[in-house]
Amino acid sequence: SRLDVTSVWLVLSVVAVAAGVFYLYSLILRHLAKTTVRNKVVLITDSLSTLGNECAQLFHTGGARLILCGSNWEKLETLAERLMTESDPALTFPPKLVELDFSNMESVPDVISEILECYGCLDVLIFNSSMKVKAPVQCLSLEMDRIVMDVNYFGPITLVKGVLSSLICRRTGHILLVNSIQGKLTMPFRATYAASKHAVQAFFDCLRAEVQEYGITVSTVNHTFIKTPSTNSEDEITAKSVWTDVKPNSLGVTPKEMATELLKTLNSKKKEILMAHSISKAALYVRSLFPNLFFAIMAKGVRNTAAVEMPDD
């Protein structure tokens, strides 16, 4: 019937328009990548994570001079080979590789020297290394607390201190911290993780004011969680509770969304970005305006569930 034909054409038109919009968005994104990072020296501290992979792909195709860091040399080589295979060598640069493991702080000074030797300078630093821990306070050893603080706090600040004089001398640079929303908001069974995220957030907030006069931009991007194929990473300790099991996918962001946001931030030089949905934002406001209510809600959640205690590491 004529009505059915009209409906089919309407659906096809909507699909065509949606496809056109998506294609146009992709073109704009590629153009933004090229104009923002082309010929820039970009360091990614954890290129082997899902977000690191996504950033490496986006910035490499945009013509950045990448310095890819990670704790596994073989995986770094595999990533670099894949990037070069999938791109036009006439428009891109072969990535430089640096083995970096913040859990081994003694090696960091040598790594800093190696990083500066790659191109002699840095334009963009993306700090996306992170170690997650979920467990009751009494179940985590001080040794594990120190490791988490090394990876999430002491590692990043040691690296930034090591390259800061170079950035100041050139009077340019963009330092970008990818940080959890728990750098602003705490939840039960994440004491060590939240402490490390609060510490690194405070450090980069202070650094922002100190280096602005030198033309250096410091941006922080706080997210809820980054969706990955697996729910728990290899470096993640979990305790079963209402606070650790409930993680609606709708509250997280995909690695591609995060990488795109980082690219936009490099272009806009925005100081602080909160990638969170309404529930997380509401929690931040409640914590600030009605702290006693927030504490009561957190405590009630703990009382209503039994956290599984884990042996010391």
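This is a guided tour of the cores, a surface patch, a buried acidic residue and the salt bridges in a predicted model.

**The larger core**

Begin by selecting Ile67, Ile115, Leu122, Ile175, Phe204 and Leu207, which are the residues with the most contacts inside the largest nonpolar core, a set of 40 residues. To see where this core draws its members, colour the elements that each give two or more residues to it: strand 1 (41-44), strand 2 (65-70), helix 4 (108-119), strand 4 (124-127), helix 5 (142-170), strand 5 (173-180), helix 6 (191-211) and strand 6 (216-223). Among these elements, helix 5 provides the largest share, with 11 residues. In soluble globular proteins, nonpolar side chains tend to be buried together.

Now centre the view on Ile67 and display its surroundings, leaving aside residues up to four places away in sequence. Ile67 touches Val41, Val42, Leu43 and Ile44, and its contacts also include Lys96, Val98, Ile115, Cys118, Tyr119 and Leu122.

**The second core**

Next select Leu66, Leu79, Ile226 and Ala259, which are included in a second core of 30 residues, separate from the one just visited.

**An acidic residue inside helix 5**

Return to helix 5, where Asp150 lies. Which side chain of opposite charge is nearest to Asp150, and how far away is it? The nearest is Arg146, at 8.0 Å, and Asp150, although it is buried, has no salt bridge. A salt bridge here requires a side-chain nitrogen of Lys or Arg within 4 Å of a carboxyl oxygen, so the 8.0 Å separation from Arg146 does not qualify. If you show the contacts of Asp150, again leaving aside residues up to four places away in sequence, you will find Phe102, Met105, Gly155 and Pro156.

**The salt bridges**

The count of salt bridges comes to four, and three of them are visited here, including the pair formed by the side chains of Arg82 and Glu86, which meet at 3.9 Å, N to O. Arg82 counts as partly exposed because its relative accessibility is 31%, and Glu86 likewise counts as partly exposed, at 49%.

Then select Glu272 and Lys184, whose side chains meet in a salt bridge at 2.9 Å, N to O. Glu272 lies in strand 7 (residues 272-275) and Lys184 in the loop between strand 5 and helix 6, so this pair ties together parts that are 88 residues apart in sequence. Both partners are partly exposed, Glu272 with a relative accessible area of 37% and Lys184 with one of 31%.

For the next pair, move to Asp205 and Arg208, whose side chains form a salt bridge at 3.0 Å, N to O. These two residues are three apart in helix 6, and are therefore separated by about one helical turn. Asp205 counts as partly exposed at 28% relative accessibility, whereas Arg208, at 14%, counts as buried.

**A nonpolar patch on the surface**

Finish by switching on the surface and selecting Tyr285, Leu289, Phe290, Leu293 and Ile297, which form a nonpolar patch with about 560 Å² of accessible area together. Helix 9 (278-289) and helix 10 (291-303) each supply at least two residues of the patch. One of the patch residues to inspect is Leu293, found in helix 10, which counts as partly exposed because its relative accessibility is 46%.

Terms used
Residues are numbered from 1 along each chain as its sequence is written. This is a predicted model: local features need pLDDT of at least 70, side-chain atom pairs count only at pLDDT 80 or more; totals for chains, interfaces and linings use all residues. Side-chain values use heavy atoms; hydrogens and water are left out. A nonpolar core is a set of buried Ala, Val, Leu, Ile, Met, Phe, Trp, Tyr and Cys residues joined through side-chain atoms within 4.5 Å. Buried means under 20% relative accessible area, exposed over 50%, partly exposed in between (1.4 Å probe, protein chains only). Helices (H or I, at least four residues) and strands (E, at least two) are DSSP runs, numbered from the N terminus. Contact means heavy atoms within 4.5 Å. Patches are made of residues with over 30% relative accessible area and no salt bridge: like charges are joined within 9 Å, nonpolar side chains (Val, Leu, Ile, Met, Phe, Trp, Tyr) within 5 Å. Accessible areas come from the Shrake-Rupley method with a 1.4 Å probe; for residues, only the protein chains shown count as cover. Lys and Arg count as positive and Asp and Glu as negative; His and the chain ends are not counted.
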